[in-house]
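Dear colleague,

Please find the structure we spoke about below, with its sequence. My notes on what was found in it follow.

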Amino acid sequence: MCDKKVTNKTSVLKWISTPNIGRLKNILGEVIVIILFVKFFEIILINLNSLTWEILILPVSILLLALSLKFLGLGR
């Protein structure tokens with residue numbers, strides 16, 4: 001009976017498990033890119049009437065971060 005409780009507990013958390021630390025780093029990087037992308041749209045919507053070229057710094061940095069995650073291939 002004790003073994004049954006342990007197997008149920010591990011099967012509930014099975015979706016959280018990662019095969020290696022590289023995959024976990026990749027997921028964290030993807031979450032950071034998504035948060036920065038949402039922050040960029042928030043800045044655009046707030047400053048819609050007074051857009052300047054300095055606002056392009058954030059999407060360029062998001063693009064560079066996403067490309068670096070792609071080239072690193074931490075999930076493999």
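**Overall fold**

The chain has three helices and zero strands. Along the sequence this gives the pattern α-α-α. Please keep in mind that the model is predicted.

Of the 76 residues in the chain, 12% count as buried. The exposed surface of the chain comes to about 6,600 Å², and 72% of that is supplied by carbon and sulfur atoms. Among contacts with a separation of 6 or more, 61% are between residues 24 or more positions apart.

**Helix H2**

H2 covers residues 21-46. It has 26 residues and spans 38 Å from its first C-alpha to its last, close to the 38 Å expected at 1.5 Å a residue.

Which residues of H2 are buried? They are Gly22, Asn26, Gly29, Val33, Phe40 and Ile44. As for where they pack, the buried residues of H2 pack against H3.

Gly22 is one of these residues in H2. Gly22 counts as buried because its relative accessible area is 12%, and the cut-off for buried is under 20%. The C-alpha of Gly22 is separated by 9.6 Å from that of Leu72, although the two residues are 50 apart along the chain.

**Aromatic residues in H2**

The structure holds two aromatic pairs. One of them is Phe37 with Phe41, an edge-to-face pair with 4.8 Å centre to centre and 85 degrees between the planes. Both residues lie in H2, four residues apart, or about one turn of the helix. An α-helix has 3.6 residues a turn, so residues three or four places apart point the same way.

Are Phe37 and Phe41 buried or partly exposed? Phe37 has 41% relative accessibility and therefore counts as partly exposed. Phe41, at 42% relative accessibility, also counts as partly exposed.

Phe41 also forms an aromatic pair with Phe40; this pair is tilted, at 5.7 Å centre to centre and 45 degrees between the planes. Why does Phe40 count as buried? Its relative accessibility is 13%, and buried means under 20%. Phe37, Phe40 and Phe41 together form one aromatic cluster.

**The salt bridge**

How many salt bridges does the count come to? The count comes to one. The side chains of Lys39 and Glu42 meet in this salt bridge, with 3.8 Å from N to O. Lys39 and Glu42 both belong to H2 and are three residues apart, about one turn of the helix.

Both partners fall between the cut-offs for buried, under 20%, and exposed, over 50%. Lys39 has 40% relative accessibility, so Lys39 counts as partly exposed. Glu42 counts as partly exposed because its relative accessibility is 38%.

**Helix H3 and the nonpolar patch**

H3 runs over residues 57-72. It has 16 residues and reaches 22 Å from first C-alpha to last, close to the 22 Å expected at 1.5 Å a residue. Just after H3, Gly73 takes a positive phi of about 60 degrees.

Which residues form a nonpolar patch on the surface? The members are Trp53, Leu56, Val60, Leu63, Leu64, Leu67 and Phe71, and together they have about 820 Å² of accessible area. Leu67, one of the members, has its place in H3. With 38% relative accessibility, Leu67 counts as partly exposed. A residue needs over 30% relative accessible area to be part of a patch, so Leu67 at 38% meets that cut-off.

**In brief**

For your reading of the model, these are the places to look at. In H2, they include the aromatic cluster of Phe37, Phe40 and Phe41 and the salt bridge between Lys39 and Glu42. The buried residues of H2 pack against H3. The nonpolar patch, which includes Leu67, has about 820 Å² of accessible area.

Regards

How values were computed: Residues numbered from 1 in each chain as written. Predicted model: local features only at pLDDT ≥ 70, side-chain atom pairs only at ≥ 80, totals over all residues. Heavy atoms only, no water. Helix = DSSP H or I, 4+ residues; strand = E, 2+ residues; numbered from the N terminus. Buried < 20%, exposed > 50% of the residue type's maximum accessible area, 1.4 Å probe, protein only. Contact = heavy atoms within 4.5 Å. Areas by Shrake-Rupley, 256 points an atom, 1.4 Å probe, with all protein chains shown as cover. Patch = residues over 30% accessible without salt bridge, like charges linked within 9 Å, V, L, I, M, F, W, Y side chains within 5 Å. Salt bridge = Lys/Arg side-chain N within 4 Å of Asp/Glu carboxyl O. Expected span 1.5 Å × (residues − 1). Phe/Tyr/Trp six-rings, centres within 6.5 Å; stacked < 30°, edge-to-face > 60°.
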